[in-house]
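Open the model in a viewer and keep the selection panel at hand. The stops below go from one residue pair outward to the chains.

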Amino acid sequence: MSGAPQLAATPLMDRLIARTVRKRLPLSVHFDLTYRCNERCVHCYLDHEDHGELSTAECVDALEQLAKAGTLFLTFSGGEIFLRKDLEELLATARRLHFDVSLKTNALLVTPGRAEMLWRHGVRRVQISVYSSDAAIHDAITKVPGSLARSIAAIPLLRQRGIQVKLACPLMKQNLMAYRGVLALAESLGVPYILDMTITPMMDGNDAPLDHRVSVDALLPVLQDSTLQSCGTKVAPEDGFATAFFGSAVSSGIENSAYEDLPCSAGHNSCYLSPYGEVYACVQLPMPAGNIRMQSFRQIWEGAAALERIRNVRESQLPLCSKCEIRSYCERCPGLAWMEGGDLLGAYERACALAEQKARLTGVTSPVSAWHKSVSVASGNPDRENKPAHQERPTVN
Amino acid sequence: MMVAANGIWQKNPALAWREIENETVIISPAESVMHELNDTGSLLWRSIDGRRSAEDLAALLAEQYEVSARVALADTLELLDELSRRRLLITIESAPVEDAA
């Protein structure tokens with residue numbers, strides 16, 4: 001006998017992550033069921049037209065494939081998931097296949113009956129986007145009058161059913177200082193929150209959403225706010241589930257130090273599935289790996305060149321960033337490096353500027369990222385006026 | 001609490017779980033607590049179906065591993081007890097006790 005049957009020791013999440021990374025198992029999958037939405041948020045990176053969503057049968061088949069491949073953490077998101085008329089059927093399928101299910105929603109369509117339905121199908125967590133506690137600000141971002149009141153009204157309905165609720169607040173020009181109200185709202189409701197400073201180009205490369213992005217200098221009051229304590233992540237040691245103050249509202253949710261020299265979970269033990277069947281390493285790294293309408297998920301996960309390219313990235317081997325003196329202040333995202341700088345291995349302006357700002361706040365004198373140093377040397381301009389332009393969205397054949 | 005050898009269990013239907021490389025990760029949604037079973041625990045978990053008793057499960061364990069029936073039953077009862085304490089299992093009934101007379 002190889003050992004008495006028992007419940008293994010903690011820390012379980014670290015072990016699970018290490019094991020699934022080593023075995024390349026897709027532990028966590030973010031599945032956008034639709035890009036259609038009942039809000040029109042000014043900063044949104046999605047095209048809300050339906051260009052041929054997966055049918056119910058295709059979604060069920062995808063879920064069955066994911067369960068077989070080893071996925072445990074499943075996030076249904078969109079667009080607005082409640083616009084899928086088959087949402088309950090898909091949740092029932094997810095329950096039958098024993099996924100741990102989280103949802104991302106604006107919650108406008110949550111009713112007592114739908115909250116009960118979510119509970120009945122075992123949904124564990126719901127993340128709701130809230131941009132401000134001030135309806136004028138929130139509703140101006142969503143372009144739906146009354147949307148804040150409806151989103152907030154959903155929270156007690158979900159919590160009464162024992163479903164965990166988390167508020168996600170992307171920060172942009174329109175709501176930068178409104179985060180304090182969201183923080184107070186979250187505390188008054190007794191729910192966690194996440195502040196997301198990431199505003200990305202649209203998935204088709206259109207960079208219109210970047211008009212709403214706050215400059216790094218303007219972010220200073222947020223970065224200095226002692227009530228936010230740190231830019232790190234607080235982990236509850238008893239269960240390994242993280243509570244983040246800052247982070248990405250679209251992330252896999254399994255960020256963890258167990259990734260060591262890997263940039264993040266993308267492609268290693270997590271991936272993204274679009275409403276059209278496309279598989280990406282991450283929604284923020286929309287480099288096409290394949291389509292489940294053409295190949296099985298396993299074929300894509302195990303054989304796609306795009307995923308292999310992402311898996312080969314090691315933080316310690318990044319040409320410039322690995323030599324950066326302020327690397328420890330940087331939250332470089334490989335997806336944003338690709339979308340904004342055109343190079344999966346490269347540096348990009350936003351990450352470098354943020355790292356410099358954070359380093360400065362902790363007392364580092366005149367911090368300069370390795371990339372900014374190289375740009376200054378190349379241009380002979382110590383003021384770094386010659387910042388690279390945002391490039392056309394890269395593609396891979 | 002010690003479970004009965006002739007008890008019948010089923011998995012708590014509220015749970016999420018996945019067997020990954022012969023180990024099983026289980027999550028209780030209500031508490032967001034993660035549990036993990038080793039390979040032998042996973043064999044038992046996989047076999048808990050609302051019909052098998054602890055004795056049936058122990059017999060499966062003894063079939064698959066080099067272990068005596070007595071030790072297999074003791075290990076099985078211990079695991080079922082712990083899983084029940086953690087509310088990962090629900091006792092649905094006890095198999096009828098044969099009349100000793």
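## Stop 1: a salt bridge between the chains

Select Arg19(A) and Glu36(B): their side chains form a salt bridge, with an N to O distance of 2.7 Å. The model is a predicted one, and side-chain atom pairs are counted only at pLDDT 80 or more. Between chain B and chain A there are 5 salt bridges. Polar contacts between chain B and chain A come to 13 residue pairs, both residues at pLDDT 80 or more.

Now colour chain B by secondary structure. Which elements of chain B each supply at least two residues of the side that touches chain A? They are strand 2 (16-20), strand 3 (23-28), strand 4 (33-37), helix 1 (39-47) and helix 3 (69-85). Strand 4 of chain B gives the largest share of that side, 5 residues.

## Stop 2: the whole interface

Next, select the residues of each chain that contact the other. The selection should hold 33 residues of chain B and 31 residues of chain A. Together the two chains bury about 2,800 Å², and carbon and sulfur atoms carry 59% of that area. On the chain B side, pick out Arg18(B), Met34(B) and Glu36(B): these lose the most area to chain A, together 27% of what that side buries. Glu36(B) is also the partner of Arg19(A) in the salt bridge of the opening stop.

## Stop 3: chain B by itself

Hide chain A. Chain B has 3 helices and 5 strands, and along the sequence they run β-β-β-β-α-α-α-β. Of its 101 residues, 51% are buried. Take the contacts in chain B between residues at least 6 apart in sequence: 57% of these join residues at least 24 apart. Chain B exposes about 5,000 Å², of which carbon and sulfur atoms supply 48%.

## Stop 4: chain A

Bring chain A back and hide chain B. Chain A contains 13 helices and 11 strands, and 56% of its 397 residues are buried. Among contacts in chain A with a separation of 6 or more, residues 24 or more positions apart account for 71%. The exposed area of chain A is about 16,500 Å², with 52% supplied by carbon and sulfur atoms.

## Stop 5: two cysteines

Finally, select Cys282(A) and Cys333(A). The structure holds 0 disulfides over all chains. Why is Cys333(A) without a bond to Cys282(A)? The closest cysteine sulfur to that of Cys333(A) is in Cys282(A), and because it lies 6.2 Å away, it is too far for a bond. Cys333(A) counts as buried because its relative accessibility is 18%, and the cut-off for buried is under 20%.

Conventions
Residues numbered from 1 in each chain as written. Chains lettered and ligands numbered in written order. Predicted model: local features only at pLDDT ≥ 70, side-chain atom pairs only at ≥ 80, totals over all residues. Heavy atoms only, no water. Helix = DSSP H or I, 4+ residues; strand = E, 2+ residues; numbered from the N terminus. Buried < 20%, exposed > 50% of the residue type's maximum accessible area, 1.4 Å probe, protein only. Contact = heavy atoms within 4.5 Å. Areas by Shrake-Rupley, 256 points an atom, 1.4 Å probe, with all protein chains shown as cover. Disulfide = S-S within 2.5 Å. Buried area = accessible area lost by both parts, 1.4 Å probe. Salt bridge = Lys/Arg side-chain N within 4 Å of Asp/Glu carboxyl O. Polar contact = N/O pair within 3.5 Å; in protein donor to acceptor, adjacent residues only side chain to side chain.
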